[in-house]
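Visitor: I should like to examine this structure with you, question by question. May we have it on display before we start?

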Amino acid sequence: MASLNVRAALLSVSFLVLALGLWEMATQPPEADAAMTEYERLMGGADQESRVPPPSEVIKLAWAELSNPFYDAGANDKGIGIQLAYSVYRVLTGYLAAMAVALPIGFLIGMSPLMYKALNPYIQVLRPISPLAWMPLALFIIQDSDASAIFVIFICSIWPMLLNTAFGVANVREDWVNVARTHELSPVKTALTVILPAAAPTILTGMRISIGIAWLVIVAAEMLVGGTGIGYYVWNEWNNLDLASVIFSILMIGVVGMLLDLALGKAQKLVEYKE
Amino acid sequence: MTKSFLEVDGLSKVYPDGLGGELTVFEDIRFALEKGEFVCIVGHSGCGKSTILNVLAGLDEASAGNVVMNGKEVKGPGLERGVVFQNYSLLPWKTALNNIVFAVQARWPKWSKEKVKEHSERYLKMVGLDHALNRKPSQLSGGMRQRVSIARAFATQPELLLLDEPFGALDALTRGVIQDELVKIWEETRQTVFMITHDVDEAILLSDRIFLMSNGPNARIAESVKVDIPHPRARATIFQNPAYHKTRDYLVDFLVNRSGSALPEKDGSPKVAEPAKGVAQPEPATAQSETESETAARAVNA
């Protein structure tokens with residue numbers, strides 16, 4: 001009996017083959033039963049009816065794109081690697097800025113019930129706002145589309161990190177805090193050597209949720225601001241009616257999102273501890 | 001009157017009872033500890049033993065009264081008072097060794113890394129854990145964790161060691177083994193120890209004196225029972241001493257029959273009881289052997 005992993009992998013592959021096969025069959029162009037008309041010949045033999053491209057076409061395109069991901073042939077024709085790099089850059093910039101704000105404030109709220117009560121109403125009002133709703137205001141104030149996209153990432157990354165940090169810090173076991181107290185640690189030392197490691201798994205969970213949300217939001221943000229990035233790329237290919245490229249870029253969004261999550265998952269493993 | 005090393009004067013703790021009134025858990029707690037003494041406090045649940053210990057540790061505040069150690073009032077926690085908690089309170093992300101290094105570094109911030117490590121390893125060795133230096137608490141059994149916790153407390157060489165039912169969560173066999181280890185370490189270091197326990201045998205094995213608390217609310221330390229059994233003691237042989245049985249009977253009688261109504265002396269200090277007074281000792285008289293061992297300890301320290 002093969003191991004569970006091998007069997008799961010076999011099953012995964014057969015699902016993939018089945019799904020691609022069905023997709024391929026459902027999207028075959030109709031047989032040309034008559035010779036092309038003059039008009040059809042002028043149109044390069046294009047069908048009157050537009051159809052979803054079959055997977056074979058998508059794979060062909062993916063191969064071509066991935067074998068040269070960083071070409072740059074002008075504003076509207078950049079390689080998928082360049083577009084993804086723009087998006088990742090924006091996500092990471094906004095995300096790091098959010099970290100720099102959310103972690104200290106989360107610590108403060110977690111350690112001080114007074115600050116928690118004082119700031120909680122604002123957090124509860126600001127948190128449910130769709131990050132894209134900030135976009136017009138950001139564009140008006142910042143006057144720069146790139147920075148506005150980063151700002152939107154910043155604002156959407158903040159909340160899970162902030163709340164998880166506050167929750168993790170507030171729920172550090174009292175015994176451990178007492179250990180710090182009986183050893184006369186200064187508040188700063190207590191925060192760094194006891195509370196931070198104790199709350200780190202919860203904080204990392206918040207950071208992992210944030211990076212997921214940031215990656216969801218960047219696509220929409222770039223569709224709005226345009227210019228560069230994977231969101232813009234998807235929208236641009238839609239305007240070009242190049243559905244194979246749209247499907248290909250959807251897949252790439254998924255792959256990069258998975259990698260970002262994987263990286264945070266690894267970091268989470270590093271700070272985890274068993275009681 | 002000469003000042004004792006630790007003086008507890010008129011301590012009481014009052015909580016709101018949830019019905020608009022107040023509940024006095026314990027009141028007018030008075031006692032004194034001398035340097036090098038091992039004192040256990042025994043009483044039924046709810047008499048506030050842990051709160052008294054937490055007040056001594058500085059982790060809790062009393063509603064009235066004060067604690068003076070070495071002529072200074074105790075306010076807040078401090079490194080001169082070490083605490084061993086019932087649930088070990090080890091930092092789970094640190095290895096056994098680093099849990100102790102953490103404490104030693106806090107105690108002597110100016111020590112070099114090597115010195116801190118060497119000192120920490122010595123104390124882990126004392127509790128027989130030199131093979132488990134690099135294991136995390138989750139990889140240690142309950143008994144081993146409590147050993148690390150005891151090593152951590154002893155390693156910082158506090159002037160007063162507070163043990164809050166350190167063996168309460170351990171099985172009987174493990175408890176016995178660690179009790180013997182604690183006896184051994186204490187004979188070596190002669191720390192002043194104040195310990196909470198529910199276990200009468202444990203109290204007799206370890207202490208010079210045993211405080212008996214009456215039941216809460218309004219609990220008091222009613223009696224201070226002298227344990228007339230010479231050091232060094234061992235769990236395996238202590239049963240052979242007739243003083244052991246006298247003392248044990250006295251303690252059990254108090255806990256079963258008298259803890260509800262017992263009161264301290266009129267001035268609030270515990271009544272002194274010596275249940276084993278005059279019982280023939282297999283070894284030299286207690287008072288003498290104690291002075292001897294104290295002199296010996298002083299000679300070692302000098």
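Visitor: Is B:Lys115 buried or exposed?
Guide: In this predicted model, B:Lys115 belongs to helix α3 of chain B, which spans residues 113-126. A residue counts as exposed if 12 or fewer other C-beta atoms lie within 10 Å of its own. Because B:Lys115 has 12 other C-beta atoms within 10 Å, its class is exposed.

Visitor: What distance separates the C-alpha atoms of B:Lys115 and B:Val104?
Guide: Along the chain, B:Val104 and B:Lys115 are 11 residues apart. In space, the separation of their C-alpha atoms is 9.7 Å.

Visitor: Which strands of chain B are the edge strands of the open sheet?
Guide: The sheet has seven strands with mixed pairing, in the order β6-β7-β8-β3-β9-β10-β11 of chain B. An edge strand here pairs on one side only, and this applies to the strands at residues 81-84 and 271-273. The edge strands of chain B are therefore, given that strands are numbered from the N terminus, β6 and β11.

Visitor: By what angle are neighbouring strands of this sheet turned against each other on average?
Guide: The average is taken over neighbouring strands of the sheet, with direction ignored. The resulting angle is 20°.

Visitor: Which helix of chain B packs on the sheet and touches β3, β9, β10 and β11?
Guide: The helix in question covers residues 242-258 of chain B. Its direction makes about 170° with that of β10(B), the strand at residues 221-226. The helix is α7 of chain B.

Visitor: How many residues of β3(B) are buried?
Guide: From β3(B), B:Phe38, B:Cys40 and B:Val42 point one way, and B:Val39 and B:Ile41 point the other way. Both groups are buried. The strand is mostly covered, and the number of its buried residues is five of five.

Visitor: Which residue of β9(B) is the bridge partner of B:Val42?
Guide: Strand β3, residues 38-42, and strand β9, residues 209-213, both of chain B, pair in the parallel sense over four bridges. Within β9(B), B:Arg209 is the bridge partner of B:Val39. For B:Val42, the partner is B:Leu212.

Visitor: Which residue of β8(B) is the bridge partner of B:Cys40?
Guide: β3(B) also pairs with strand β8 of chain B, residues 192-196, in the parallel sense over four bridges. There, B:Cys40 has as its bridge partner B:Met195.

Visitor: How many charged residues are on the side of chain B that touches chain A?
Guide: The contact involves 15 residues of chain B and 14 residues of chain A. On the chain B side, 11 are nonpolar and four are polar. The number of charged residues on that side is given by the remaining class: no charged.

Conventions
Residues are numbered from 1 along each chain as its sequence is written. Chains are lettered from A and ligands numbered from 1 in the order in which they are written. This is a predicted model: local features need pLDDT of at least 70, side-chain atom pairs count only at pLDDT 80 or more; totals for chains, interfaces and linings use all residues. Two strands pair if DSSP finds at least two bridges between them. Helices (H or I, at least four residues) and strands (E, at least two) are DSSP runs, numbered from the N terminus. Axes are lines fitted to C-alpha atoms, for helices over the stretch in contact, and angles run from 0 to 180 degrees between N-to-C directions. Two residues are in contact if their C-beta atoms, placed from the backbone, lie within 7 Å. Ala, Val, Leu, Ile, Met, Phe, Trp, Tyr, Cys and Pro count as nonpolar, Asp, Glu, Lys and Arg as charged, and the others, Gly among them, as polar. A residue is buried if 20 or more other C-beta atoms lie within 10 Å of its own, exposed if 12 or fewer, and partly exposed in between; C-beta atoms are placed from the backbone.
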